[in-house]
Amino acid sequence: MRSEAAAQLGGLERFASAGKGRGLRARRRFAVGELLFSCPAYAAVLTVSERGSHCDRCFARKEGLSKCGRCKQAFYCNVECQKEDWPMHKLECASMCTFGQNWHPSETVRLTARILAKQKIHPERTQSEKLLAVKEFESHLDKLDNEKRELIQNDIAALHHFYSKHLDYPDNAALVVLFAQVNCNGFTIEDEELSHLGSAIFPDVALMNHSCCPNVIVTYKGTLAEVRAVREIEPGEEIFSSYIDLLYPTEDRNDRLRDSYFFSCDCRECTTKEKDKEKLKVCKLNDPPSAETVKNMIKYARNVIEEFRRAKHYKYILCLTLTPLVELLEICELSLDKMGAVFEDSNVYMLHMMYQAMGVCLYVQDWEGALCYGQKIIRPYSKHYPSYSLNVASMWLKLGRLYMALNNRTAGVKALTRAIAIMEVAHGKDHPYISEIKKELEDH
């Protein structure tokens, strides 16, 4: 295998990062918005809920897609996309026909099946592995608790159950390692509004270490990952992306990092905690809440957030009828009322619940309600998140589209223009999403 010193990609190199293991380092200067590198997906799966609106092969969003003639559940741009996807789609096609509505492997299981097939079809190094091979992924197997090991065994059982025809399975121990690697190194592909499109493996992108003060951002053009600078990067500087949502205070971020990636962050943001006071802002009252009251409310907020995360994980919200959705909105509003007695509206826990409420309003097409929540969210978002944040861009985009839908073109143009300004740095000026938004402006 190539030495780490020899592993290079354009103006970048793989190196041994002190205290972090492998890492990626700049060999030249990169300007804000400049593309450092792109990486095609080693393997990718479109989420089931987006079938019919996106191509299963390239993830392009189009109308009039052609469906697979056998299972009638996979959709493609054209014959070329269908042919290219067949080596992967055949893993699922017959199985979907056999199981019908009972075909429900998780996205992780589907992605892992494709990795196994890819390793058999293409055992040599791929274009996605110029700096880091899939087989080199960290598994953190020694750090897995019993619950995580049990979840992996459930995934292995599902893999055997749903993928019996076209896969050659390694032994159980090797599958445990592979699932652990996928859990630590998988990526979620999202659209311009940060809606979930699918899951993928991008080996070279996985080489980057985490920082809560990232100097690059990862965006997607179909199943191609693109990495761009969000601040100036000097030669010799390590390249850092963010693995997590950066809205939350230091303790929450590191809890998430330890749970999902088995490390704590020591970046400047985590060391100084300089944004935590603003993120956890409490109400200015004549009789300010006590430290104990604030502590208890933070505990309550974290519990509520965890409940929503579990619901989202099991895709419970997606299959709700209108009545439970209204009940879910009531839960959001009750939580906001309770927390609002202690927290300012700009507090990140309030913002989290507003975002959930906005999502429900959008789902039930309550445009006025969604707009009301979005207007409360956008300014604190702009303050709490780093420059060129996709979360801020997506919120401006949602607001712009809501304004347009409610015939407020002046506000809509302003919001969409703000979204474009961020996206031109994060996505690149030639990205199809930006072209689509500019067309929306022209059509209105």
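Is Trp-396 buried or exposed? In this predicted model, Trp-396 counts as buried, because its relative accessibility is 11% and the cut-off for burial is under 20%. Trp-396 is part of helix 13, which spans residues 390–405. Beyond its neighbours within four places in sequence, Trp-396 is in contact with Ile-378, Ser-382, Ala-415, Leu-416, Arg-418, Ala-419 and Ile-422. One of these partners is Arg-418. Trp-396 and Arg-418 are 22 residues apart in sequence, yet their C-alpha atoms are 6.5 Å apart in space.

The pairing of helix 13 with helix 14 gives the setting for Trp-396. The two axes come within 7 Å and cross at roughly 155°. Helix 13 and helix 14 are therefore roughly antiparallel to each other, since angles over 145 degrees fall in that class. Their crossing is left-handed. From helix 13, the contact draws on Leu-390, Val-392, Ala-393, Trp-396, Leu-397, Leu-399, Gly-400, Arg-401, Tyr-403 and Met-404. From helix 14, it draws on Arg-409, Ala-411, Gly-412, Val-413, Ala-415, Leu-416, Arg-418, Ala-419, Ile-422, Met-423 and Ala-426. By class, the residues of this contact divide into 16 nonpolar, two polar and three charged.

Helix 14 (residues 409–426) also packs against helix 15 (residues 432–443). Here the angle is about 165°, and the axes lie 10 Å apart. That makes helix 14 roughly antiparallel to helix 15. Helix 14 passes helix 15 in a left-handed crossing. On the helix 14 side, the contact is formed by Arg-409, Val-413, Leu-416, Ile-420, Met-423 and Glu-424. These meet Tyr-433, Ile-434, Ile-437, Lys-438 and Leu-441 in helix 15. The contact of helix 14 with helix 15 has eight nonpolar and three charged residues, and no polar ones. Leu-416 of helix 14 takes part in the contact with helix 15. Leu-416 also meets helix 13, and Trp-396 is in contact with Leu-416.

Helix 1 (residues 79–99) and helix 2 form a further pair, packing at an angle of about 130° with their axes 10 Å apart. Helix 1 and helix 2 are therefore oblique to each other. Helix 1 passes helix 2 in a right-handed crossing. Helix 1 contributes Asp-85, Pro-87, Met-88, His-89, Leu-91 and Glu-92 to the contact. Helix 2 contributes Arg-110, Ala-113, Arg-114, Ala-117, Lys-118 and Ile-121. The residues of the contact of helix 1 with helix 2 divide into six nonpolar, one polar and five charged.

A buried histidine lies in a strand. His-210 is placed in strand 10 (residues 209–210). At 3% relative accessibility, His-210 counts as buried. Two backbone nitrogens lie close enough to its side chain to be listed as polar contacts. The side chain of His-210 reaches the backbone nitrogen of Tyr-243 at 3.0 Å. A polar atom of the same side chain is 3.5 Å from the backbone nitrogen of Cys-212. Not counting residues up to four places away in sequence, His-210 touches Phe-240, Ser-241, Ser-242, Tyr-243, Ile-244, Leu-257, Phe-263 and Cys-265. Tyr-243 is thus among the residues touched.

Two loop residues stand out by their backbone angles. Most residues other than glycine have a negative phi. His-140 has a positive phi, near 50°. His-140 sits in the loop between helix 2 (107–121) and helix 3 (146–162). With a relative accessible area of 19%, His-140 is buried. Lys-273 also has a positive phi, near 55°. Lys-273 is found in the loop between helix 7 (268–272) and helix 8 (276–279). At 47% relative accessibility, Lys-273 counts as partly exposed.

Asp-345 occupies another loop, between helix 10 (322–340) and helix 11 (348–363). Its relative accessibility is 39%, so Asp-345 counts as partly exposed. Leaving aside neighbours within four places in sequence, Asp-345 is in contact with Met-350, Leu-351, Met-354 and Lys-376. Asp-345 and Arg-379 are 34 residues apart along the chain, and their C-alpha atoms are separated by 11 Å.

Definitions and conventions. Residues numbered from 1 in each chain as written. Predicted model: local features only at pLDDT ≥ 70, side-chain atom pairs only at ≥ 80, totals over all residues. Heavy atoms only, no water. Axes fitted to C-alpha atoms, helices over the stretch in contact; angles between N-to-C directions. Helix = DSSP H or I, 4+ residues; strand = E, 2+ residues; numbered from the N terminus. Parallel < 35°, antiparallel > 145°, perpendicular 65-115°, else oblique. Left-handed = near helix turned anticlockwise from the far one by under 90°. Contact = heavy atoms within 4.5 Å. Nonpolar A, V, L, I, M, F, W, Y, C, P; charged D, E, K, R; others polar. Buried < 20%, exposed > 50% of the residue type's maximum accessible area, 1.4 Å probe, protein only. Polar contact = N/O pair within 3.5 Å; in protein donor to acceptor, adjacent residues only side chain to side chain.
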